[in-house]
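Colleague: I'd like a close look at just one part of this model, and I'd rather have one long walk through it than a list. Pick the stretch with the most to talk about and show me how it sits against the rest.

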Amino acid sequence: MSTTPTAAATTQPVAAPSRHQLALMIWLAVFPTLTVLNLTVGSLLKDANTVLRTLVMASIAVPIVVYLLLPRLHRVRARLLSRGAVR
C-alpha cells in the first residue's frame, strides 16, 4: 500500500469564479456563438419575425454555450489559476 499522495489528491481546488470572471466567460462564449449563428443561419431566418428569429437563435446558442463552451472555459480558467499558484 503506497502512502505517496497522487497528483490529483495534492492539487488545490480552484475557487468559483467571481461575478466579473463569470460575466467575461459568458461573454467570451455567447458573442462568438451568436456571431457564427448569425452568419450561418441568419439568412435562413431573414424573413421570420423578430421573436421567432430570437427564439430559434437562443434555442441553438444556449445549449452550445452551456454544455460545450462554458465547461471548457472553466477548465481553462482552472488551469491558468493553478499554473499561477505553482509559480
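Modeller: Here is a walk along helix α2 and out to the residues around it, in what is a predicted model.

A quick word on the setting. The protein chain has three helices and zero strands, so read from the N terminus the order is simply α-α-α. Helix α1 takes up 7-10, helix α2 covers residues 19-40, and helix α3 runs over residues 50-86. Of the 87 residues, 15% count as buried. The accessible surface is about 7,100 Å² for the chain, and carbon and sulfur atoms account for 68% of that. If you take the contacts between residues at least 6 apart in sequence, 70% of them join residues at least 24 apart. Keep that last figure in mind, as several of the pairs below have a long stretch of sequence between them.

Now to the surface of the helix. Which residues make up the nonpolar patch there? They are Leu24, Trp27, Leu28 and Phe31, and together they put about 440 Å² of accessible area on the surface. Two of these have rings that go together: Trp27 and Phe31 are both in helix α2, four residues apart, which is about one turn of the helix. For ring pairs in general, you want the distance of the centres and the angle of the planes. By the rule used here the count is one aromatic pair. That pair is Trp27 with Phe31, at 5.2 Å centre to centre and with 5° between the planes. It counts as stacked because the planes are under 30 degrees apart.

How open are the patch members? Phe31 has 47% relative accessibility, so it lands in the partly exposed class, which lies between 20% and 50%. Leu28 has 42% and is partly exposed as well. Leu28 also gives us a link across the sequence: Val65 is 37 residues away along the chain, yet the two C-alpha atoms are 9.6 Å apart in space.

Val65 comes up again with Thr33, another residue of helix α2. Is Thr33 buried or exposed? Its relative accessibility is 9%, so it counts as buried, the cut-off being under 20%. Leaving out residues up to four places away in sequence, Thr33 touches Ala61, Ile64, Val65 and Leu69. So along one helix you have Phe31 as partly exposed and Thr33 as buried.

Go back towards the start of the helix and you reach Gln21, also in helix α2. At 33% relative accessibility, Gln21 is partly exposed. Its link is to Arg77: they are 56 residues apart along the chain, with C-alpha atoms separated by 9.2 Å. Arg77 itself sits in helix α3, and it is the residue I'd linger on. It is buried yet has no salt bridge. The nearest side chain of opposite charge is Asp47, and that is 42 Å away. What does Arg77 touch instead, once its neighbours within four places in sequence are set aside? Val14, Ala15, Ala16, Pro17, Gln21 and Met25 are the residues in contact with it.

Two of those contacts lead on to further long-range pairs. Ala16 is in the loop between α1 and α2, and its 65% relative accessibility makes it exposed. From Ala16 to Ala78 it is 62 residues in sequence but 9.3 Å in space, C-alpha to C-alpha. Val14 pairs up with Leu80 in much the same way of counting: 66 residues apart in sequence, 10.0 Å from C-alpha to C-alpha. Leu80 belongs to helix α3, and at 51% relative accessibility it counts as exposed, since the line for that class is over 50%.

So if you want places to zoom in, I'd take the stacked Trp27 and Phe31 pair, then Thr33 with its contacts, Val65 among them, and finally Gln21 and the buried Arg77 that it touches.

Note on methods. Residues numbered from 1 in each chain as written. Predicted model: local features only at pLDDT ≥ 70, side-chain atom pairs only at ≥ 80, totals over all residues. Heavy atoms only, no water. Patch = residues over 30% accessible without salt bridge, like charges linked within 9 Å, V, L, I, M, F, W, Y side chains within 5 Å. Areas by Shrake-Rupley, 256 points an atom, 1.4 Å probe, with all protein chains shown as cover. Salt bridge = Lys/Arg side-chain N within 4 Å of Asp/Glu carboxyl O. Helix = DSSP H or I, 4+ residues; strand = E, 2+ residues; numbered from the N terminus. Buried < 20%, exposed > 50% of the residue type's maximum accessible area, 1.4 Å probe, protein only. Lys, Arg positive; Asp, Glu negative; His and termini not counted. Contact = heavy atoms within 4.5 Å. Phe/Tyr/Trp six-rings, centres within 6.5 Å; stacked < 30°, edge-to-face > 60°.
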